[in-house]
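The exercises below ask you to read a structure step by step, each with a worked solution. Try each task yourself before you go on to its solution.

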Amino acid sequence: MDSVDVEPMESRDFDSAVDGALKRSPLIDSFGRAISYLRVSVTDRCDFRCVYCMSEHMAFLPKADLLTLEELDRLCSAFVARGVRKLRLTGGEPLVRRGIVTLFSSLSRHLATGRLEELTLTTNGSQLSKYAAELKAHGVRRINVSLDTLDADKFRAITRWGELKDVLAGIDAAQAQGLAVKINAVALKGVNEDEIPALLEWAHGRGMDLTLIEVMPLGEIGDGARLDQYLPLSMVRARLSERYTLEDLDYRTGGPARYVRVGETGGRLGFITPLTHNFCESCNRVRVTCTGTLYMCLGQTDAADLRKPLRASESDDLLHAAIDEAIGRKPKGHDFVIDRRHRRPALARHMNVTGG
Ligand code: SAM
């Protein structure tokens, strides 16, 4: 397994910095959208090589380029001080970063003060058996687990390196701790499209929501063109509605999914449809990579370097100035396209850079 060799963080009192920064204004972009949700990719490394996400032979960042866990804490805390209420750690695979539990532990102080509403993660589940209890102890209540199939052979083919049984054991461990689990599945043409009803009934039968995601054109992935993987969720929904009663819900988790209630199972089914229907007008999110690069939109290349101002001074003034400047440039929306005239990815960067 890949793991990043980073020293566990030293204890440091960031609360005074957060208190000071609380006098600063909340983050509102030039379209009037309040930024209340930060996703942080804590490592670009992963123990899987999902075919739609990465090529098999990826060049990962040198460890020296990564923010330390202490710097990640400082960065997240600066956003919390500016009104971010929901923090999701992602990757790469967040649970392969060495010492990651200390970051959850230190960030949980913002839950205790009520400044942060939710501390959560998106994981492939491979390490959950090991970490579920600690995550629960540090205030994590809901997690997203990515799982595209319940067929062990297909699972190996999609993830290249993964074992279904490890992920299922991880889900068991998370549920045994009382964590609410949401399953995220990427809808893949000719791969899992026939399995979606089975996934839905399995997830709902275990009390878990299921969210389906359209393949997004991020990064060169080597074998297999995106066009061959792309399955519009409008089509999936139409097929599901021949079999199930789907009732639109107002339910929101702060993310981009739109939910329906499945009458026959009683469970919730979400759709994340950046291609067939974009959701930019209500976007409340920004993303930071493990090197401290802030992406104001998942689907655009514009970014701001926060590592430099973070490292330039002990005070957070430069950091806040850089954040303000970047949020002022948050674009109105993205323009992903997958069609025959655009066979190259819309963006060169892979999903493991910014996280899902
Ligand atoms: N390793 C963690 C995991 O597996 O959930 C977190 C990072 S992973 C990049 C986050 C999510 O992005 C996963 O649900 C994954 O399936 C999804 N993903 C990766 N590449 C994608 C793509 N090109 N289009 C749509 N979803 C993608």
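**Exercise 1. Decide whether Gly 299 is buried or exposed, and find where it lies.**

Gly 299 has a relative accessible area of 6%, so it counts as buried, where buried means under 20% relative accessible area, exposed means over 50%, and partly exposed lies in between, with a 1.4 Å probe and protein chains only. The next step is to place Gly 299 along the chain, in the loop between strand E11 (293–295) and strand E12 (303–305); helices (H or I, at least four residues) and strands (E, at least two) are DSSP runs, numbered from the N terminus. Finally, Gly 299 and Pro 331 are 32 residues apart in sequence, while their C-alpha atoms are 9.8 Å apart in space.

Before going on, note that this is a predicted model, in which local features need pLDDT of at least 70 and side-chain atom pairs count only at pLDDT 80 or more, whereas totals for chains, interfaces and linings use all residues. Residues are numbered from 1 along each chain as its sequence is written, and side-chain values use heavy atoms, with hydrogens and water left out.

**Exercise 2. Work out how strand E9 is enclosed, and which strands pair with it.**

Begin with burial: four of the five residues of strand E9 (residues 268–272) are buried, so this strand is largely enclosed by the rest of the structure. Then look at the partners, remembering that two strands pair if DSSP finds at least two bridges between them. Strand E6 (residues 209–213) pairs with E9 in the parallel sense over four bridges, and Leu 210 stands opposite Leu 269 in E9. Strand E8 (residues 258–262) runs antiparallel to E9 and is joined to it by four bridges, with Val 260 standing opposite Leu 269. The last step is the connection: E8 and E9 form a hairpin with five residues between them, and Gly 266 in the turn has a positive phi of about 80°.

**Exercise 3. Describe the burial of strand E3 and name the strand that pairs with it over four bridges in the parallel sense.**

Six of the six residues of strand E3 (residues 118–123) are buried, so the strand is largely enclosed by the rest of the structure. Taking the two faces in turn, Glu 118, Thr 120 and Thr 122 are buried on one side, and Leu 119, Leu 121 and Thr 123 are buried on the other. The partner is strand E2 (residues 86–90), which pairs with E3 in the parallel sense over four bridges, and in this pairing Arg 88 stands opposite Thr 120.

**Exercise 4. Find how many aromatic pairs there are, and describe each.**

Rings of Phe, Tyr and Trp (its six-membered ring) pair if their centres lie within 6.5 Å, and planes under 30 degrees apart count as stacked, over 60 as edge-to-face and the rest as tilted. By this rule the count comes to two aromatic pairs. Phe 48 and Phe 155 form an edge-to-face pair, with 5.8 Å from centre to centre and 85° between the planes. Because Phe 48 lies in the loop between strand E1 (37–41) and helix H2 (69–81) and Phe 155 in helix H5, the pair ties together parts that are 107 residues apart in sequence. Both rings belong to buried residues, with a relative accessible area of 6% for Phe 48 and 3% for Phe 155.

Tyr 251 and Tyr 259 also form an edge-to-face pair, with 5.0 Å from centre to centre and 75° between the planes. Here Tyr 251 is partly exposed at 25% relative accessible area, whereas Tyr 259 is buried at 1%.

**Exercise 5. Identify which residues are closest to the ligand, and how much of the ligand the protein buries.**

There are 18 residues around the ligand, and the closest are Tyr 52, Gly 92, Glu 93, Ser 146 and Met 216, where a residue is near a molecule if one of its heavy atoms lies within 4 Å of it. For polar contacts, look for a pair of N or O atoms within 3.5 Å; within protein, one must be able to donate a hydrogen and the other to accept it, and residues adjacent in sequence count only if both atoms are side-chain atoms. An N or O atom in the side chain of Tyr 52 is 2.9 Å from an oxygen atom of the ligand, and a polar backbone atom of Gly 92 is 2.9 Å from a ligand nitrogen atom. Taken alone the ligand exposes 540 Å², of which the protein buries 95%.

Conventions: Areas by Shrake-Rupley, 256 points an atom, 1.4 Å probe, with all protein chains shown as cover.
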